[in-house]
Amino acid sequence: MKIKLIAVGKLKEKYLKQGIDEYTKRLSAFATVEHIEVADEKAPEQMSETEIKQVQEKEGERILQKIHKDDYVTALAIDGKQWSSERLAKEIDQLTTHGKSKLTFVIGGSVGLSESVMKRADQSLSFSAMTFPHQLMRLILLEQIYRAFKINRGEPYHK
């Protein structure tokens, strides 16, 4: 299985890099994990709706260039489905059972994902109605994917 994590922006925080490295290492027993960072668009703090859409589209173009036609894409979005860890595990298990071995997860930048990325996504997933820093979401997502593999193997990590 291949898991690809596409994220907008460069990860700078050392503590997050360490956590991501740890879960990438743990996941290597189950899958190959690829991390792809696409450049974020420079944008002022206050933007109009038009400016937000322009930023989303530019970042979206960069994201879409990294997605292959046979990737099963899950976009992380506030208005996506909210699942338990067990439900995520079941979803991953079902996808692999049905021949989907290239799972791609997309994390947008500070203004979210473009319509074009959301249309390309096979599903959207929300971790909470709360807003999290997109850099931190990389770590949370990897931990949950690792937890899903442990659940699917019947191992006690997830308790």
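Colleague: How much space lies in the largest cavity?

Modeller: About 50 Å³. Keep in mind that this is a predicted model. Searching the whole structure turns up 1 cavity of 30 Å³ or more.

Colleague: What makes that space a cavity and not a pocket?

Modeller: A 1.4 Å probe fits inside a cavity but cannot get out, whereas a pocket is open. As for how such spaces turn up, rolling a probe the size of a water molecule over the atoms shows where empty space is left.

Colleague: Which residues line the largest cavity?

Modeller: Among them are Y72, T74, W83, L88, E91 and Q123. Strand 3, helix 3 (85–97) and strand 4 (102–107) are the elements that give two or more residues to this lining. Helix 3 gives the most, with 4 residues.

Colleague: What classes of residue does the lining of the largest cavity have?

Modeller: There are 7 nonpolar, 3 polar and 1 charged. E91 is in the lining, and Glu counts as charged.

Colleague: Which residues of helix 3 are buried?

Modeller: S85, L88, A89, E91, I92 and L95. To be called buried, a residue needs under 20% relative accessible area.

Colleague: Why do you say the buried residues line one face of helix 3?

Modeller: Look down the axis of helix 3: the buried residues fall within an arc of 160°, so they line one face.

Colleague: Why is T96 called partly exposed?

Modeller: T96 is in helix 3 as well. Its relative accessible area is 33%, and partly exposed means between the 20% and 50% cut-offs, so the label fits. T96 is also 7.9 Å from M1, C-alpha to C-alpha, although 95 residues separate the two in sequence.

Colleague: And why does L16 count as buried?

Modeller: Its relative accessibility is 3%. Buried means under 20%, so L16 qualifies. You'll find L16 in helix 1 (residues 14–27). Its C-alpha atom is 28 Å from that of D122, which is 106 residues away along the chain.

Colleague: How do you know that the length of helix 2 (49–65) is close to the expected one?

Modeller: Helix 2 has 17 residues, and 24 Å separates its first C-alpha from its last. At 1.5 Å a residue, you'd expect 24 Å, and the span is close to that. Helix 3 passes the check too: with 13 residues it reaches 18 Å, close to the 18 Å expected.

Colleague: What puts the buried residues on the same side of helix 2?

Modeller: The buried ones are V55, Q56, E59, G60 and I63. They cover an arc of only 135° around the axis, so they sit on the same side. Turned away from that buried side is a face carrying T50, E61 and Q65, which are exposed. Exposed means over 50% relative accessible area.

Colleague: Why is strand 4 described as largely enclosed by the rest of the structure?

Modeller: Because 5 of its 6 residues are buried.

Colleague: How do you know that strand 4 pairs with strand 1 (residues 2–8)?

Modeller: Pairing takes at least two bridges, and these strands have 6, so they count as a pair. They run in the parallel sense, and I6 stands opposite V106 in strand 4. Strand 3 also pairs with strand 4 in the parallel sense, over 5 bridges, with L76 opposite I107.

Colleague: How many bridges join strand 3 to strand 5?

Modeller: There are 5, and the two strands run parallel. T74 stands opposite Q123 in strand 5. From strand 5, Q123 and L125 point one way while S124 and S126 point the other, and all are buried.

Colleague: What volume does the largest pocket have?

Modeller: About 560 Å³. It is lined by 26 residues, with L76, A77, I78, G109 and G112 closest to its centre. Strand 3 supplies the largest share of that lining, 4 residues. The lining splits into 13 nonpolar, 10 polar and 3 charged residues.

Colleague: And which residues lie nearest the centre of the second largest pocket?

Modeller: E41, A43, P44, S110 and V111, out of 13 lining residues. The volume of this second pocket is about 260 Å³, and its lining has 5 nonpolar, 3 polar and 5 charged residues.

Definitions and conventions: Residues numbered from 1 in each chain as written. Predicted model: local features only at pLDDT ≥ 70, side-chain atom pairs only at ≥ 80, totals over all residues. Heavy atoms only, no water. Buried < 20%, exposed > 50% of the residue type's maximum accessible area, 1.4 Å probe, protein only. 1 Å grid on protein atoms, 1.4 Å probe; cavity = no way out; pocket = protein on both sides within 12 Å on 5 of 7 lines; lining within 4 Å. Points joined across faces, edges and corners; volume = space filled by probe spheres on them. Expected span 1.5 Å × (residues − 1). Arc of directions from axis to C-beta.
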